[in-house]
Amino acid sequence: MALGIFSGCRREPDYLSYISEKRENVYLYADDTAEIKIYCSQKEQPYAADGYRGEMNPLIEIFVTLPKNPEELEVKVGNLGGEMNYQAVENRYYLSFTAEGYTSSSVEVNLTADGESKVYSALSVKYPAVMSCDDAVRCVIEHDGEYFKRLTENGLFNAEIFVRLLYEEQCYYYVGICDKAGNIQAYLIDGEHGKVIAVKSLST
């Protein structure tokens, strides 16, 4: 009888507390003169796909692609910004800084290329029907609860969770479960209905 009582007291962990990356919003702008992408996230620092959740911090990441690369490119959104770093492999510029994510439907982005400034309005890809990052993870748990149970021991989840808002004509979520051996189970889900579209196993 006592054994049955103790078995009944076992609780699943709060899986949401194991999220180590949460990309909550994406802002986009594109025309013939510039392509701008802004990610608003909560992310562990330092960031590592090792199965352990670190301390979370707010992070803004800005990516800019131009038809002609200037010698210097500065970006400013609100009161924050700075000189962007050129990423040769992707042929784009990048800057990140610690700040809370934007919640408005659009943000004004000031780009200064070799001293010449121009302002762009980047629009959020989210719309009212898009679920939250937490709800996206809940959908994956509901879809593949046995996988989560296999990684759970003594009430602890032996993995970390990445959840990223994606946009390709509509909103999707990438949800990755990374165990302590660096193995990742990745899920792509519909951002409105939570339906799992694809599942893939990866290793770091």
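Two strands pair if DSSP finds at least two bridges between them. Keep that in mind as you open this predicted model, since the tour visits paired strands as well as charged side chains.

**The whole chain**

Start with everything shown as a cartoon. The protein chain has 15 strands and 3 helices. Along the principal axes, its C-alpha atoms fill a box of roughly 75 × 35 × 30 Å. If you colour by accessibility, buried residues account for 42% of the 204 residues.

**Stop 1: strands β1, β12 and β13**

Select residues 19–30, which are strand β1, together with residues 159–167, which are strand β12. These two strands pair in the parallel sense, over 4 bridges. For a landmark, show isoleucine 19: its bridge partner in β12 is isoleucine 161.

Now add residues 171–179, strand β13. Here the direction is antiparallel, and 9 bridges join β13 to β12. Which residue of β13 stands opposite valine 163? Click across and you will land on valine 175.

Next, follow the chain from β12 into β13. The hairpin has 3 residues between the strands, and glutamate 169 in this hairpin takes a positive phi near 70°.

**Stop 2: a salt bridge between β1 and α2**

Go back to β1 and show the side chain of lysine 22, then show aspartate 134. The two side chains meet in a salt bridge, with 3.0 Å from N to O. Why does this pair tie together parts far along the sequence from each other, 112 residues apart? Aspartate 134 lies in helix α2 (residues 133–143) whereas lysine 22 lies in strand β1, so the contact links two separate elements.

Switch on the surface and look at both partners. Lysine 22 is buried, at a relative accessible area of 17%, which is under the 20% cut-off. Aspartate 134 counts as partly exposed at 23% relative accessibility.

**Stop 3: salt bridges within helices**

The structure holds 5 salt bridges, and two more of them are worth a click. Stay in helix α2 and select aspartate 135 and arginine 138. Their closest N and O atoms are 2.6 Å apart, forming a salt bridge. The two residues are 3 apart in the helix, so about one helical turn separates them. Both count as partly exposed: aspartate 135 has 33% relative accessibility, and arginine 138 has 42%.

Then move along to helix α3, residues 145–150. Glutamate 146 and lysine 149 form a salt bridge here, with closest N and O atoms 3.8 Å apart. This pair is also spaced by 3 residues, about one turn of the helix. Lysine 149 is partly exposed, with a relative accessible area of 45%.

**Stop 4: a negative patch**

Return to the surface view and select Glu71, Glu72, Glu74, Glu83, Asp114 and Glu116, which form a negative surface patch. To place one of these on the cartoon, pick glutamate 83, which is in strand β5 (residues 80–83). Glutamate 83 counts as partly exposed, at 46% relative accessibility.

**Last stop: alanine 49**

Finish in the loop between β2 (35–44) and β3 (56–65), where you will find alanine 49. At 30% relative accessibility, alanine 49 counts as partly exposed. Now try the distance tool from alanine 49 to glutamate 12: C-alpha to C-alpha, the two are 23 Å apart in space, and they are 37 residues apart in sequence.

Note on methods
Residues numbered from 1 in each chain as written. Predicted model: local features only at pLDDT ≥ 70, side-chain atom pairs only at ≥ 80, totals over all residues. Heavy atoms only, no water. Patch = residues over 30% accessible without salt bridge, like charges linked within 9 Å, V, L, I, M, F, W, Y side chains within 5 Å. Areas by Shrake-Rupley, 256 points an atom, 1.4 Å probe, with all protein chains shown as cover. Salt bridge = Lys/Arg side-chain N within 4 Å of Asp/Glu carboxyl O. Lys, Arg positive; Asp, Glu negative; His and termini not counted. Charge placed at Lys NZ, Arg CZ, Asp CG, Glu CD. Buried < 20%, exposed > 50% of the residue type's maximum accessible area, 1.4 Å probe, protein only.
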